[in-house]
Number of protein chains: 2
Amino acid sequence: MSKSEETRSSILHQALDISSEVGLEGLSLGILAKRVEMSKSGLYAHFSSKENLQCAVLDTAAERFIDIVLSPALKQPRGIPRLKALFERWLQWEDDEFSGGCLFITAATEFDDRPGPVRDRLVDHLRDVLDAIARAADICKKEGHFRSDLDTEQFRYDFWGVLLSYQHFRRLLQHPQARDYAHRAFERLVSSATPH
Amino acid sequence: MSKSEETRSSILHQALDISSEVGLEGLSLGILAKRVEMSKSGLYAHFSSKENLQCAVLDTAAERFIDIVLSPALKQPRGIPRLKALFERWLQWEDDEFSGGCLFITAATEFDDRPGPVRDRLVDHLRDVLDAIARAADICKKEGHFRSDLDTEQFRYDFWGVLLSYQHFRRLLQHPQARDYAHRAFERLVSSATPH
DNA sequence: GAATAAAACGACCGGTCGTTCTATATTCCA
DNA sequence: TGGAATATAGAACGACCGGTCGTTTTATTC
């Protein structure tokens, strides 16, 4: 890895941490530069615009999501076990990975009516992430764990709602039972999808 | 209504519109002053700090939520009809009321790890709003529409998830079937709560 | 190790932010 | 209606924003 790639990567690592706390808009070049201990202009040269930096941060988040949530879950047996692993790792991701909660969710709210390349990139990544849910549900159908007439698009919507509510109850309301609620909501979702 | 109260109210009206689009942090005094056609300092004197303004905007949003969503729903018959009205009006509120989506949800993501008076105020209002859901579910139990062992706290978590997912699918992903998904998710929620 | 290319620096740009000040205009009540 | 209280204006503040510049230092390559 060349020097350039190395610093670029360490910039993005810090940038991801910061923007998980304060959002992609709240991420300022000055503060970021101080965190990576280099000059603002030197840092800036790596991205040539703040928009590019924001997009790069989103890409970094996506990579890390794949490493930490998606790939490990894919090692589980097809069907419900894999789906369950996906869900569990996702909860863990929202707890630990960034002190400030899932960047995708933060950014989604920030950019939901701010058109431009950052929003486009975010939508791309979010679609990928939601597709992963639908795909996991599809496999459950193929394995016979789920009813064959299950609407996986609907399943994706419901799954996402459980995660979003988790972030609210845990981070904002700091509800001690947030995780219990999440688990019960997930179980209800799964059991409504299984054949009876 | 005195002149002061009148201008204060018109400031807050505009401020609510703006911050629904760009969030409470994105709300700037300069832009707000321009919108209400007065000087920045003249406007500022009404609140004496931005934090106070942000809190006042949250209060205004809460009042409007009560007027548009809560009060009308309370006029419906107790039990499921009232709950359904609550849900429907809530969806409508997220569609129409502010071009930028529900301020509470936006602010919740903005402030979920930014302690201070604004966050505290937000949590208060959000708790009220979530309590309204739990109360509606409680009435459903008392009317015999819902199982007597239903966990209304859990119900509240699930209900909130349906609404949050709606905002994502509709505003960010601009999914044409967002409303269908919301309805089906709500129906599944209700039917899992009814006695069988 | 010298030549060249890339990366980092620090000063600086115009602009906007929230906030403070003083001075003037307006509203309100005796 | 006169005078105190209040609402507004306008200019200015220090801090910070994203972004640009020429220069210097550091890596890379022959």
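**A walk through two chains and two DNA strands**

Hi everyone, let me start with one residue: B:H125 counts as buried because its relative accessibility is 14%, where buried means under 20% relative accessible area, exposed means over 50% and partly exposed is in between, using a 1.4 Å probe and protein chains only. Before going on, a word on the source: this is a predicted model, in which local features need pLDDT of at least 70 and side-chain atom pairs count only at pLDDT 80 or more, while totals for chains, interfaces and linings use all residues. Residues are numbered from 1 along each chain as its sequence is written, chains are lettered from A and ligands numbered from 1 in the order in which they are written, and side-chain values use heavy atoms, with hydrogens and water left out.

Back to our histidine. B:H125 sits in helix α7 of chain B, residues 117-142; helices here are DSSP runs of H or I with at least four residues, strands are runs of E with at least two, and both are numbered from the N terminus. Which residues does B:H125 touch, leaving aside those up to four places away in sequence? They are B:L58, B:D59, B:A62 and B:F104, with contact meaning heavy atoms within 4.5 Å. With B:D59 there is also a side-chain to side-chain polar contact at 2.7 Å. A polar contact is a pair of N or O atoms within 3.5 Å; within protein, one must be able to donate a hydrogen and the other to accept it, and residues adjacent in sequence count only if both atoms are side-chain atoms.

Now, the two chains together. Chain A brings 47 residues into contact with 47 residues of chain B. About 3900 Å² is buried between them, and carbon and sulfur atoms give 54% of that; buried area is the accessible area (1.4 Å probe) that two parts lose on being put together, summed over both. A:Y157, A:L172 and A:R188 supply 21% of what chain A buries against chain B, more than any other three residues.

How many salt bridges cross this interface? The rule finds six, a salt bridge being a side-chain nitrogen of Lys or Arg within 4 Å of a carboxyl oxygen of Asp or Glu. For instance, A:R171 and B:D113 pair up with 3.9 Å from N to O. On the chain A side, the largest share, 16 residues, comes from α8(A).

Let's turn to the DNA. Strand D has 20 residues around it, and the closest are A:S28, A:K50, B:S39, B:S41 and B:H46; a residue is near a strand if one of its heavy atoms lies within 4 Å of it. A polar backbone atom of B:S39 is 2.5 Å from a phosphate oxygen of strand D, and a polar side-chain atom of A:Y44 is 3.0 Å from a sugar or linking oxygen of strand D.

Strand C is surrounded by 19 residues, with A:S4, A:S39, A:S41, A:H46 and B:K50 the closest. Among the strand C atoms within 4 Å of the protein, 66% are sugar or phosphate and the rest belong to bases. Here a side-chain N or O atom of A:H46 is 2.5 Å from a phosphate oxygen, and one in the side chain of B:Y44 is 2.9 Å from a sugar or linking oxygen. A backbone N or O atom of B:L29 also lies 2.9 Å from a phosphate oxygen of strand C.

Thanks for listening!
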